[in-house]
Amino acid sequence: MTHTTEPSIPAPETISGAEAFIRVLLDEGIDTIFGYPGGNVISIYDALYHYTDRLHHILTRHEQGAVHAAQGYARATGKTGIVLATSGPGATNLVTGLADALLDSTPIVCITGQVAEQVLGSDGFQETDIIGISMPVTKWNFQVTKAKDIAPAISKALYIAHTGRPGPVLIDFTANAQKEMCSYLYKKCNFIRSYIPTPHISKASIAEAADLINHAEKPLVLVGQGVQLSHAEPELREFIEKGNLPAGCTLMGLSSLPTGHPLYMGMLGMHGQMALNKKTNECDVLIAVGMRFSSRIIGAAAAYAPQAKVIHLEVDPSEINRSIAADIPVLGNMKRTLPMLTEKLEARSHREWIESFKTWQDFEYDKVVRKQMQPEAGSRITMGEVVKAFGDVDRGEAIVVTDVGQHQMIAARYARMNHPRSFITSGGLGTMGFGLPAAIGAKVGCPDREVVLFVGDGGIQMTIQEFGTILQNRIPVKIILLNNSFLGMVRQWQELFYGKRYSCTELENPDFIRIAQAYGIACRRVTEREDLPGAMQELCNSQEAFFLEVDVEKEGMVFPMIPAGASIDQILYE
C-alpha cells in the first residue's frame, strides 16, 4: 500500500499588525512602495526598517506625488502600485490620485494610517473620515481596526485592484491595529463570493460579431486602454491583420499598436487625426475594443456614427450602452475574446476603404502638420518640432509620459511608439501635476527603458518638489519642459471661444534651470531652433536625470480640434 503524505502547513507566527502588513506585501510579490511617513503610520515605517533589503520604499516629497508615481509604475509595468500615507492631510492628499486612477482604470492600493479605534469619531488630531471621503473615487475601500484583519484585507485589496476592470483601492489602518500582535499565516485571496471580475463570454455574441465584420465593407476598429490592461496587444494585432481592419487608438489606448503599423490610422477624439474622426462617421461596422466612448471621443452623441453597426468588446458590463448603444456587446477579457473572434474572421482586403483615409491624411498634413514641423523662418520653436526632435533620436523606444495641456495633445499626436505601455498620461481626470511623479514611477518600474516626460510650465509647478525624489533616489528620468509662459490649453479655448480674453492664464515663471541645478539635475535651455537637435541628443545620451527647457511659441495652437459637444464632423483645423 502506498501512503501519501499531506503537505505540511507552516505554523502561524505571532507578529505585530504593522509587520503583518509588510509580510503580506512580500508574500504577494510586491517589491516597491511609494510613500510619506507620519504619526499614524510610524509603526509601519518602523517595521519597514527591518525589510528595506526586500521592499524598496520611494520617499516622495508629497503624498500626491506618491500616488501619481504609483500610477506611473502600474501603467508602465502592468503591476499594482502601492502607496503608504498617514492619516488626516496625508490621506486627503491622495484623493486626486485616487480619482485619476478610477477614471483611468489604474490598479493601485493606498494604505492610510488612522487614529486609534477608541479615538474614532472624536475629532482627534489628524483624524479624517477617509473612508467616507474616498468612497466615490475607489473601486473598494475598507477600514481595519484589528491586527488580525490586516493581512486578509491587503490580500483582498490587491485582488480587487488588479482583476476585472482594474482600479484604486484604499485600506485605512487604525493605529492600534498596527501595534497589536496577531497570528500571521499567508493566504492569498483569489475569490470573493460577491465579486465577479470577469463576465461570462457568450459564444453566440462572438459568432454574431464575426459574421457582421465578415460582411462589412467599411469596418473600423477603435482601440482603448482595455487592450493594454488585459495584456492583449498581440491578440489585437492578429485580429486586425487577419481581417485587414484599419484601427485607431483613444488617448488612453495609445501604444496598443505601434505608430508605424500600416493599419494604424492615428488617435481618435478632440485633437485626433482628421481622417480617423471623419471615417468614424462613414464606416458601416464600428468595433470598439476596450474603450468607454468618453465625451472627448464621441462629441455630440446623437451625431456619432449613426450609420454604423456597433460591436463593443468590454470587460465591464456597466460600460455597455452607457454612451453609445451597442448592436452586439461582447463581454469578457480581451485576452480571451479577441482570439475567439479572430478565429472566425475571414481574410479580407478592404483596400479601397483603407486607401480612402489618405485624402484626409493629406489634407491634415497640408493644413496642420506642415505648420508644426516646418514653421516659417524666424518663428519660435513649435511643440511639434520638439516632439519630433526627440523621436528622431529615440526612434520610438522610450516610454513617453505627459502632464496635461497642449503639450499632452501634441505628444499624443506626434510621438513615436514601438512597444506597448509606452504612453502614460492622465486621461479621464486631466490632472495637471500628474506628469513628473508618474514619470518617476514609470522609471522605477522599468529601469531598463528610457522614460521621457513632456510637461508644460504650468503643470510642472504643481509637483516640482518631486525633483527631490529624483535627487534622493538617483532616478535617471528625462524631462522636456515646453515653456510658453501660459496655461496653454485654457488660453487656446480663450482665443477660440472667448474673444482672446486671456483671463488669468499668462504665467510669470521662475528660472527653471536654476531650480533643476539646485536639485543636482543636469540641464540645458534651448531658445533657437538650430540648437534643438544637439540638445536632444545630449538628453538622450545622459545616463542620469536630465532637464531640457525649450522656449516654444507663446500662442501656439493644437489643431485639429473638435469643440466640446460638437459633432466629430465639425473639426476645426485653423
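**Entry 1: Lys146 and Glu117.** I started with a charged pair: Lys146 and Glu117 join side chains in a salt bridge, 3.0 Å from N to O. I then checked where they sit: Lys146 is in the loop between β6 (140-144) and α7 (150-162), and Glu117 is in the loop between β5 (108-114) and α6 (130-134), so this pair ties together parts 29 residues apart in sequence. Lys146 has 34% relative accessibility, so I put it down as partly exposed. Glu117, at 30%, is also partly exposed. Note to self: this is a predicted model.

**Entry 2: the other salt bridges.** How many salt bridges does the count come to? I get 25. Side chains of opposite charge can pair when their charged atoms come close.

I looked up Arg413 next, and its side chain meets that of Glu364 in a salt bridge at 2.5 Å, N to O. Arg413 belongs to helix α18 (residues 406-414) and Glu364 to helix α16 (residues 357-373), so the pair ties together parts that are 49 residues apart in sequence. Buried or exposed, I wondered about Arg413. Arg413 has a relative accessible area of 7%, under the 20% cut-off, so it is buried. Glu364 is buried as well, at 5%.

Then a pair within one helix: Arg351 bridges to Glu355, with the closest N and O atoms 3.6 Å apart. Both are in helix α15 (residues 351-355), four residues apart, or about one turn of the helix. Glu355 is partly exposed at 47%.

I also found a network of salt bridges linking Arg165, Asp316, Glu319 and Arg322.

**Entry 3: negative patch.** Which residues gather in a patch of negative charge on the surface? I noted Glu208, Asp211, Asp327 and Glu346. Asp327 is in the loop between β13 (309-314) and β14 (328-331), and with 41% relative accessibility it counts as partly exposed.

**Entry 4: strand β8.** I went along β8 (residues 181-184) and saw the side chains alternate: Cys182 and Tyr184 point to one face and are buried, whereas Met181 and Ser183 point to the other and are not. In a regular strand the side chains alternate between the two faces of the sheet. Strand β1 (residues 13-16) pairs with β8 in the antiparallel sense, over four bridges. I found Thr14 opposite Ser183 of β8.

**Entry 5: Glu508.** Last stop was the loop between α21 (488-497) and α22 (512-518), which holds Glu508. Glu508 is exposed, with a relative accessible area of 81%. I checked Glu508 against Ser485: they are 23 residues apart along the chain, and their C-alpha atoms are separated by 6.6 Å.

Methods
Residues numbered from 1 in each chain as written. Predicted model: local features only at pLDDT ≥ 70, side-chain atom pairs only at ≥ 80, totals over all residues. Heavy atoms only, no water. Patch = residues over 30% accessible without salt bridge, like charges linked within 9 Å, V, L, I, M, F, W, Y side chains within 5 Å. Areas by Shrake-Rupley, 256 points an atom, 1.4 Å probe, with all protein chains shown as cover. Salt bridge = Lys/Arg side-chain N within 4 Å of Asp/Glu carboxyl O. Lys, Arg positive; Asp, Glu negative; His and termini not counted. Charge placed at Lys NZ, Arg CZ, Asp CG, Glu CD. Helix = DSSP H or I, 4+ residues; strand = E, 2+ residues; numbered from the N terminus. Buried < 20%, exposed > 50% of the residue type's maximum accessible area, 1.4 Å probe, protein only. Pairing = 2+ DSSP bridges.
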